[in-house]
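Dear colleague,

I am handing over the structure below, together with some notes on what was found in it. Please read the notes with the structure open beside them.

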Amino acid sequence: MASATKRIILSSGWQKIAQAEGREAMALIDAYGSVQLAVADGEPPRGDVTSGHSLNGSMMWPVKGAEIIWARGAGVAVSVTLLKVVPEFATLDSAALKVATASAQAVATAAAGAAATADAKAVTADNKATAADAKATEAQQVQARRDFARWYLTDYLHPDDMMAALEGDIAGQNEVRVSDAIRLMHDDMLLWSAQSGGRQSIAIYPCLRLAVCKEAFSETACQALWDMDGATYGANRFSFRFDSTEFRIKNWLAVASIRTSGYWAHHGITYPVPEVFFRWEQSGGNAYLSSIEGGWSIVGSGSWTEPVAVKLYNMQHLRIAGLHVRGLRNISLMMENVVNSDFDDVNLFNTGWQPTEFGGTLGHMPAAVRFSNVGSVVTSTQAVFDAQHVGKLFCLSQAGQVDRDLRLNFWAEIASVDSPTQITLAEAPSVNVTDQTGSFEALRASTSGTTWTLSAPVGQSLVGRFVTLGFARFPGAAMTNLGTLTTTVIAHSGDTITVADAPASDVTNALLALAPQLHVDRLVHAPGVSRTDNVGFTNLRCEGTGYANVAVIPALLGNCSAIEITNAKFHGTGNGSNNYGGTATCLFLGTADGFSFSGWLEQCGNSPRYGAVAVAGNRVRADFYGKLTPYGDGSRSAMTYVDPPAGSTEVQIRWGMVHPSGTFPRASQAAHRFGPNGSPEMVVSIASPPRPTTGAPILTPTRLGEVTATSLRGDAVTQGQTTGSAQVTYPRAMAVGFGGNTGDVNPEAVTDLDAIVGRWRAVRIASGPGGDGYVIEAKRQVGNTCIQVGWRIQFNQPPRLIMRHNNNTGGAWGDWYYLDGTLLTP
């Protein structure tokens, strides 16, 4: 078996890299640049040794006794593995293999020669030959894999950690040592790939549960990846193959750190930024990372100082399958400018964190507290209320109106805090309940530049975390259509945070998302980088349940286009535990220029302010299919909430999701809720033809059979009495009341009855035949041939009926006659 692999940065002087320590061993050496090697017993080579064995690549070197391998090469990295235990399996045929085999055969030949001259020494020689063959065999195995650009984590893990992992023992693993082994493998792979263009690499992980406490990629690896440019390395490819590999977070060292490499160093970011277990950030939008497949899990311990699970930046043609994240109190999957890529079987379960306006350490009430009420007075089993809660919205579970086989969760404003265990609501619930859960609504923020005031204090430090401000304009004139701003917290005290980036204009009481499970947005550091585009998700499940008392927003997509999500489930936090109001929405959309969702939105009625889907940006064209399951629903819930930037005209939500309740909406619910800049025209039925802007013409005709409708409105219905086939190509329906024959709308007032031709209508004239006031009906025969019938209606006078027609030469109007044929003489 091999010893742990060491990675060393050489200097210009001779430096020890491996030693035999009294045994016979085979040193496997990888040099990532030009170095010189030498072997000496116990001391470095003499100063007059001007050169050693030159190496730029890989080789194996046998050592024994007191021999030490020395190397020099200023700034060059070398990796050394000392092979010492014999495995029994076949070798592969490669260049390195032949070198190793020749070395072993030489030892065997020497041993055989010694046996021919001295029988006593033959046994010893044979044993040495066997040992040399075996050690060469393992060296051949490792080197052959690398010759074929295959990097096995099992070649790097310490034997003790490997044994513990095979037994499923997390506690028995040294998480620092395991993390360093993973990093070293990635270092070797990336540094090898960086030596020339066109290299293909694959990292292979075993079916093990591994304890980790550091990021999977070192600063060295991240910089090597960042330095790859498309011109030289455009054909390089990396693949990662997992076999139900589980990475278990154990004693994570830091939630944030100052970066010295890659994306962050390039943009001069000197403050701590969130740590990420699997971080892949490229300077060029190339298809380096082609696939991550096979089943891999990242599992948190529930600690509030754990990392983001996966972050992808500036890449294309990626396929990820089998990613499972659970138990992590941070973002699970974070993407920025990922294009032309596919994700399948992504499960984000019991992850994320969204504080509520309760405040306290985590923005969450204790898990065990329960609530009862008598009328508007609510009491709690623990002391949880204080003066800062006055005026905030509180929800008492199952205390609203009956809805199917449940009652609605009842939301109302706190009118007074009577004691730490008692509040009075501004409205009385529909029914008295006992021993129920409860919640405040999700945390919000008001901004003044980079200083943001939270709607409730949070004790847990937010420094080094990503936060996303909803309903805020992204900075930069070209980005005013965006409705989110994602930035990093650089200072925090109570209800005040200082962030790295300010919104384009300040906002008041805007939703502040801390750790949604799926996060697709952009940061401000690279203004030239585009949005995430043409990405498909199949079998995507973001589920904020299973971990009692922790609220979460399942998905936030702030800057994207051409996104298709199928067979999906976005599941908010259920009311079986407290704090479910933290699920302000199941899906938050900033800019989504082409978005399709087909699936289920569950536990999505938890917000008294927003909706199951919230829309904050302009240029949102989104289609929704499937079913809502707000179980139980809130008394102030809505299916959508739309509030784009002022003046937005490119918002069209085509809604095809079914609400399960036949009595919805009721109480203070709304089918679709609109903020100050939203309008009903922005949400239409899924059957509506798509169009680019609000009010834009519909370019393709819609052909229908029999239509049953409860109402008609819009441009197809005239709101006056002057429209007819002479004015439009396709006639419009006339609303009730217009035409002068129905409803309570007065006939149109005119002054010239001769002009009333070619239309079937009613008008009124103040000075008609004989100077009297009349209501005139025009009855159209054909073309402009009409008959006019007039009713003289004067106060306390008998009615008079007159008529005339224009079926005369030149279409001239004839005289007015009474019904008995008598000529009307004025």
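A good place to begin is Leu-469, whose bridge partner in β36 is Leu-512. Please bear in mind throughout that this is a predicted model. The pair belongs to a contact in which β33 and β36 run antiparallel and are joined by 2 bridges.

On another side, β33 is joined by 5 bridges to strand β34, which covers residues 484–493, and these two strands also run antiparallel. Within that pairing, Gly-470 has Thr-484 of β34 as its bridge partner.

How much of strand β33, residues 466–470, is buried? The strand is mostly covered, with 5 of its 5 residues buried, and this holds for both faces, since Phe-466, Thr-468 and Gly-470 lie buried on one side while Val-467 and Leu-469 lie buried on the other. As general background, the side chains of a regular strand alternate between the two faces of the sheet.

Strand β36, residues 510–513, is also joined to strand β31, residues 444–448, by 2 bridges, and the two run antiparallel. Here Ala-445 has Ala-510 of β36 as its bridge partner.

Taken together, these pairings belong to a closed barrel of 6 strands, which runs in the order β31-β32-β35-β34-β33-β36 with antiparallel pairing. Neighbouring strands of this sheet are turned against each other by 45 degrees on average, with direction ignored. In general, the strands of a sheet pair through backbone hydrogen bonds, either parallel or antiparallel.

With best wishes

Definitions and conventions
Residues are numbered from 1 along each chain as its sequence is written. This is a predicted model: local features need pLDDT of at least 70, side-chain atom pairs count only at pLDDT 80 or more; totals for chains, interfaces and linings use all residues. Side-chain values use heavy atoms; hydrogens and water are left out. Two strands pair if DSSP finds at least two bridges between them. Helices (H or I, at least four residues) and strands (E, at least two) are DSSP runs, numbered from the N terminus. Axes are lines fitted to C-alpha atoms, for helices over the stretch in contact, and angles run from 0 to 180 degrees between N-to-C directions. Buried means under 20% relative accessible area, exposed over 50%, partly exposed in between (1.4 Å probe, protein chains only).
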